[in-house]
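Hi,

Here is the structure I said I would pass along. Have a look at it first, and then read my notes underneath.

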Amino acid sequence: MSEAASLSNDVTTLPVHLGERSYDIAIGPHLLHEAGARIAALRPGARVGIVTDRNVAERHLATVEASLKAAGLAPTAIIIEPGEKSKSYAGFAEVVDSLLAARIERRDLVLALGGGVVGDLAGFAAAALRRGIDFVQAPTSLLAQVDSSVGGKTGINSRHGKNLVGAFHQPLLVLADTDALSTLPLREFRSGYAEVAKYGLIDNAPFFAWLERKWQDVFDDGPARIEAIATSCAAKAAVVARDEKETGDRALLNLGHTFGHALEAGAGFSQRLLHGEAVAIGMAQAFRFSAAQGLCSPEDAARVAKHLTTVGLPTRIKDIPGDLPDTDGLMDLIAQDKKVSRNALTFILARGIGQSFIARDVDPAALRTFLEGERARS
């Protein structure tokens, strides 16, 4: 049986339309086993630098290496430590130097095997290496499958904030193996679910209502899981096709992220607060702030928080363990956000569920008052 003939039939394929940079997102089971055949169809005989973290390597690296070798590809594994702290200047240098040592050249590629941290770091390394080489995303977390692996945003963190150094560099292919999600700890899966809920809150109120009814099936690996992932990926692919480099409505995908990134930085990019947990708090805050400004109803803000709480996600600053910066410190971190333009604060706010919009020139005094109230409830 040929490599092509052995590929699964129960895989959903979604295109991302970007002209010469177009690529497919494959969603379904067994894709890590098929990585070699699918990548070899695009780059036969290539060297492949696999960037992964220690935890993912223990679960999936042997499978992927065997698949690549069987397809006539030459893999080299580069294993980093798990967690946001690897998304640093030092982590970036380590990965780039390791890829150079593996003699990864322009006709070769990088394979990002892991969650969002691995994808962001490996993608940025690929963007910079030899002034840009191809890479493939093989996201193994829910968060990465529905968000960070799609759209070409790559980067690392700075002491000034999250994802402030990076590049837009689209992948050659995304392989979202749903079997990999069965190995995720519950906390990691919940973290990814926040990004799923986000797509409903941005502009798809029926999807959010569907999640309110079907979330347990998503968590239990029922039929709703693949539907939720496919719906999320299709939503992001459509936005990326319209606005690849975030000059317009792609910024809507940052719902919850301005508050969330500040909280992540305040928590030291640590296990105290996972990215999706920060986004959950940030989305709840975005709706509460919108309600405080008379933009949406308090009932909608309460409904958002209720659903996130029901699935086990945090929704308030008090849910974060340990100390955080004071209001001035949080304001400083928010001011470093990528969406700030010429010192004007930009947030994604909402007129209701499924009615998010880009709010420019948000009043700093109103924001400060809101944050003080949020901290007082903690």
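Below is what I found, starting with the domains and ending with a few single residues.

First, a caveat: this is a predicted model, and everything I say about it is computed from that model.

**The two domains**

The domain assignment splits the chain into domain 1, residues 12-183, and domain 2, residues 188-377. Their C-alpha centres sit 26 Å apart. In the contact between them, domain 1 takes part with 32 residues and domain 2 with 33.

How much area is buried between domain 1 and domain 2? About 2900 Å², with carbon and sulfur atoms giving 66% of that. In general, the accessible area lost when parts come together is often what people quote as the size of an interface. On the domain 1 side, the three residues to click on are Leu142, Val146 and Lys162: they supply 21% of the area that domain 1 buries against domain 2, and no other three residues supply more.

There is a polar side to this interface too. The salt-bridge rule picks up 5 salt bridges across it, and 11 residue pairs are in polar contact between domain 1 and domain 2, counting pairs with both residues at pLDDT 80 or more. As for which elements of domain 1 do the touching, β1 (12-16), β2 (23-28), α5 (142-148), β7 (153-158) and β8 (161-168) each bring at least two residues to the side facing domain 2. Of these, α5 gives the most, with 6 residues. Sorted by type, that side of domain 1 has 13 nonpolar, 13 polar and 6 charged residues.

Lys162 deserves a second look. Besides being one of the three residues named above for buried area, Lys162 has a side chain that forms a salt bridge with the side chain of Glu264, at 3.4 Å from N to O.

**Two buried residues**

Next, Phe135, which is in strand β6 (residues 134-139). Is Phe135 buried or exposed? Its relative accessible area is 1%, under the 20% cut-off, so Phe135 counts as buried. Leaving aside residues up to four places away in sequence, Phe135 touches Val110, Gly119, Gly123, Ala126, Thr154, His169, Gln170, Pro171, Leu172 and Leu173. If you want a distance to check in your viewer, Phe135 and Ser232 are 97 residues apart in sequence and 22 Å apart in space, C-alpha to C-alpha.

Then there is Asn254, in the loop between α8 (223-242) and α9 (257-266). Although Asn254 is in a loop, its relative accessibility is 7%, so Asn254 counts as buried. The side chain of Asn254 also makes a polar contact of 3.2 Å with the side chain of Glu246.

**Two arginines with positive phi**

Most residues other than glycine have a negative phi. Here are two residues that go the other way.

- Arg103 has a positive phi of about 60°. Arg103 is in the loop between α3 (89-101) and β5 (109-114), and at 52% relative accessibility it counts as exposed.
- Arg131 has a positive phi of about 65°. Arg131 lies in the loop between α4 (116-128) and β6, and with a relative accessible area of 79% Arg131 is exposed as well.

That's the lot from me. Shout if anything looks odd on your screen.

Cheers

Note on methods. Residues are numbered from 1 along each chain as its sequence is written. This is a predicted model: local features need pLDDT of at least 70, side-chain atom pairs count only at pLDDT 80 or more; totals for chains, interfaces and linings use all residues. Side-chain values use heavy atoms; hydrogens and water are left out. Domain bounds come from an automatic or database domain assignment. Contact means heavy atoms within 4.5 Å. Buried area is the accessible area (1.4 Å probe) that two parts lose on being put together, summed over both. A salt bridge is a side-chain nitrogen of Lys or Arg within 4 Å of a carboxyl oxygen of Asp or Glu. A polar contact is a pair of N or O atoms within 3.5 Å; within protein, one must be able to donate a hydrogen and the other to accept it, and residues adjacent in sequence count only if both atoms are side-chain atoms. Helices (H or I, at least four residues) and strands (E, at least two) are DSSP runs, numbered from the N terminus. Ala, Val, Leu, Ile, Met, Phe, Trp, Tyr, Cys and Pro count as nonpolar, Asp, Glu, Lys and Arg as charged, and the others, Gly among them, as polar. Buried means under 20% relative accessible area, exposed over 50%, partly exposed in between (1.4 Å probe, protein chains only).
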